[in-house]
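Dear colleague,

Please find the structure below, handed over for your review. My notes on it follow.

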2 protein chains.
Amino acid sequence: MALIGILGGMGPLATVDFMDKVVRLTTASRDQEHLPLLVANLPHIDDRSSAILDHGADPLPALLDGIDLLNRNGVGLIAIPCNSAHHWYAQMSAHSGAPVLHIAQTCVAAVPREARRVAVLATGGALVSGFYQQALADLDIEPMVPNAEMQPLVAACIREVKAGDLDAAGAHLQAVLGLLAEQGVSTALMACTEIPLAAARIAEPAVKLIDSTLELARATVKYACERGWNRAQ
Amino acid sequence: MALIGILGGMGPLATVDFMDKVVRLTTASRDQEHLPLLVANLPHIDDRSSAILDHGADPLPALLDGIDLLNRNGVGLIAIPCNSAHHWYAQMSAHSGAPVLHIAQTCVAAVPREARRVAVLATGGALVSGFYQQALADLDIEPMVPNAEMQPLVAACIREVKAGDLDAAGAHLQAVLGLLAEQGVSTALMACTEIPLAAARIAEPAVKLIDSTLELARATVKYACERGWNRAQ
């Protein structure tokens, strides 16, 4: 049995959502059949998107401190429920003793085979970094990046979730999905872990949504249960 | 700035609920204004209620291991979102370098002044331990312990939340609240952290409910924000 390490706090509600999904995806009839987690919820890590876009303070030292904290405590796997942080995936993965799941790899693997063109809803930083577009292109899927009209609405949605205003975030996301549907886009990646919290406010999304938080949780639970970490020793 | 230590996993959904309440109670407009948390979600700790009631395996060694893990990583405060574990509060508190909040103290402090008789909804183990009855008596409030008809419904509700069946748990809790109202009880403590997850399924509870998870979260956020742990250094 090993602990699952979660490097979180980016943002905090997204980390709670990720843990909620891990718990609900685990087949268990009592506490002792659940998975052990060590969660470093470190919201003070400098903003990832600003660092990529605007030469904001570099979050990498604090990200590596978090990776160190988890490894020092014997985790057997690390999941990071923040998409933008995966701009530094190579550095974090190389620095970590425990394997680190890649959220974009788990998310694009859930795109239906018939989808040929898929929108990427993410921070401006993650879009400039480009790892989602690359992951889709690797599967011969055309990535669709929101235009200058749409991206400010995505950014507002993300900012509002971080500030706890889920109603406003849901309204902004709904506007984005309407614009995507008008442009004939039928599938979108929620490639920022704040967005699924906004999507929960929308009864019938106009576009099929793929949830990066949920897909990372699925991969985490699968990895850990295959190794029996849900069984006490 | 210090980390808030959370000794959780008892059960896992209750820990998620506690974290959710901590995040939502924190005034923040962006990630960097939130509180840093280190969460040891350790669901394999032996069942607390069984240990108290039926001479089940002793959870104290694993509880102390969890306290050690949090202290080793420099937490400045520990919160334990499991009421029954507080049967061992004295041992955990004495063992810990960081102060440990007492969930029952934070919960009874939220009882309205006019309440003279308050029901305690808890595991059988916590009721036999008696620390909630004592905490109420210390405030000159008469504790009302569910009778032999009612307690199995409370136990079913708790068990169902741990197994993820919130609909069944909500129905059992609603039955309990109906019986309490018939007996003229107007206030009840949700003195087990699974119960608030069931209560969220009830639109209009027949009895005023005080949520031990929420009160522990309030005390945690107050303690940490007073010390500036929500500000990056």
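The notes below concern the interface between the chains.

This is a predicted model, in which local features need pLDDT of at least 70, side-chain atom pairs count only at pLDDT 80 or more, and totals for chains, interfaces and linings use all residues. Residues are numbered from 1 along each chain as its sequence is written, chains are lettered from A and ligands numbered from 1 in the order in which they are written, and side-chain values use heavy atoms, with hydrogens and water left out.

Chain A and chain B each bring 43 residues to the contact (heavy atoms within 4.5 Å). About 3100 Å² is buried between them, 58% of it from carbon and sulfur atoms; buried area is the accessible area (1.4 Å probe) that two parts lose on being put together, summed over both.

Four salt bridges link the two chains (a side-chain nitrogen of Lys or Arg within 4 Å of a carboxyl oxygen of Asp or Glu). One of them pairs Asp31(A) with Lys162(B), at 2.8 Å from N to O.

On the side of chain B that touches chain A, helix H1 (12–25), strand E2 (37–41), helix H3 (60–72) and helix H8 (151–162) each supply at least two residues. H1(B) gives the most, with seven residues. Helices (H or I, at least four residues) and strands (E, at least two) are DSSP runs, numbered from the N terminus.

Strand E2 (residues 37–41) of chain A runs antiparallel to E2(B), joined by five bridges; strands pair if DSSP finds at least two bridges between them. Leu37(A) has Asn41(B) as its bridge partner.

With kind regards
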